[in-house]
Amino acid sequence: NKIGRLHPETNLITEWTLNADSKLNRLSFDSSSGKAYYISEDANRIGSLNPDTNLVTEWNLQSNSSEQSVTTFTAIDPSSSNFYLLKSSSPPSIVRLDPSTNNITQWTLPSNSTNISSFSRGFDGYYFTYEDTNNVGKLDPLTNNVTEWTIPGNTVGLSHAGFDLATGIVYFTPSDEDQMGRWIPYNGVTTEWKIVNTPTELAIAPSGSLYFADELGRIGRIS
């Protein structure tokens, strides 16, 4: 139960010991505040480490799940340092922590599926996808609305997704298929491209180009 930091220029490694029952699940870094955030293994606790002061703060979350290990995804709002956590427990939910006020807000997702495949800050909210359905969901924290759309076409499940912060376009890879896809939320248009091998990761460049890695360890680009 430790968080470590490596300073490459000096090779200095610093470690901080957390509470004995923290059992880290996921670690995120907030570049605006300089704090590291972590999630407990059962996703019922959020913690933060301030490396400048060595202060460790933890917040307990309410949960209806008794699962010992829960898949989680995180995102941080750089303008407010609010921390977002998507928990794949049953039922799945999104939690927001405002570290400046200690306020915790939770939204339950409309789908009962716990097979979440991605979660990220998007153009106008926080987007998520499922591995076993064609649905793309969005949480708008300003209105508390959670909306889901079904991507048309032959897609069955979305194994990876990327959300273009500049345009709002959603890029995705269908589960177990040699394809890449693009869905434009404001007009509903879906475009798919055939790829030689199954893509395993994707990333969106500031120029709008889509980069992907495939199962053979190669990198490709769609411009």
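This is a short walk through one structure, stop by stop, with something to select at each. Keep in mind that the model is predicted.

**Stop 1: the sheet from β3 to β6**

Start by selecting strands β3 through β6. You should see an open sheet of 4 strands, in the order β3-β4-β5-β6, with antiparallel pairing. Which strands stand at the edges? They are β3 (24–30) and β6 (55–60); each has a single partner strand, so one side of each is left without a neighbour in the sheet. Turn the view a little and check the angle between strands: neighbours in this sheet are turned by 20° against each other on average, direction ignored.

**Stop 2: β5 against β6**

Stay in that sheet and narrow the selection to residues 45–50, which make up strand β5, plus its partner β6. The two run antiparallel and are joined by 6 bridges. For a landmark, pick Asn50 and look across to Leu55 in β6, which stands opposite.

Now show side chains for Arg45 and Glu58. They meet in a salt bridge, 3.3 Å from N to O. Arg45 sits in β5 and Glu58 in β6, so this pair ties together parts that are 13 residues apart in sequence. Buried or exposed, what is Arg45? Arg45 is buried, at a relative accessible area of 15%. Its partner Glu58 comes out as partly exposed, with 25% relative accessibility.

**Stop 3: more charged pairs**

Side chains of opposite charge can pair when their charged atoms come close. How many salt bridges does a search of the whole structure find? The count is 4, and the Arg45–Glu58 pair you just looked at is a salt bridge.

Go next to Lys2 and Glu15, another salt bridge, where the closest N and O atoms are 3.6 Å apart. This one links distant parts of the chain: Lys2 belongs to strand β1 (residues 2–7) and Glu15 to strand β2 (residues 12–17), 13 residues apart.

Then jump to Lys138 and Asp124, whose side chains form a salt bridge at 3.4 Å, N to O. Lys138 is in strand β13 (residues 135–140), while Asp124 is in the loop between β11 (116–121) and β12 (126–130), so the pair ties together parts that are 14 residues apart in sequence. Lys138 counts as buried at 13% relative accessibility; Asp124, at 36%, counts as partly exposed.

**Stop 4: Thr147**

Keep Lys138 on screen and add Thr147, which you'll find in strand β14 (residues 145–150). Which residues does Thr147 touch, leaving aside its neighbours within four places in sequence? The contacts are Val136, Gly137 and Lys138. If you'd like a distance to draw, try C-alpha to C-alpha from Thr147 to Asn135: the separation is 9.9 Å, for two residues 12 apart along the chain. Thr147 itself counts as partly exposed, at 31% relative accessibility.

**Stop 5: the β15–β16 hairpin**

Finish by selecting residues 158–163, strand β15. Of its 6 residues, 5 are buried, so β15 is largely enclosed by the rest of the structure. Add strand β16 (residues 170–174), which pairs with β15 in the antiparallel sense over 5 bridges. To see one such match, highlight Gly162 and its bridge partner in β16, Tyr171.

Last, follow the chain through the turn. The hairpin has 6 residues between the strands, and Gly168 takes a positive phi near 85°.

Notes
Residues numbered from 1 in each chain as written. Predicted model: local features only at pLDDT ≥ 70, side-chain atom pairs only at ≥ 80, totals over all residues. Heavy atoms only, no water. Buried < 20%, exposed > 50% of the residue type's maximum accessible area, 1.4 Å probe, protein only. Contact = heavy atoms within 4.5 Å. Pairing = 2+ DSSP bridges. Axes fitted to C-alpha atoms, helices over the stretch in contact; angles between N-to-C directions.
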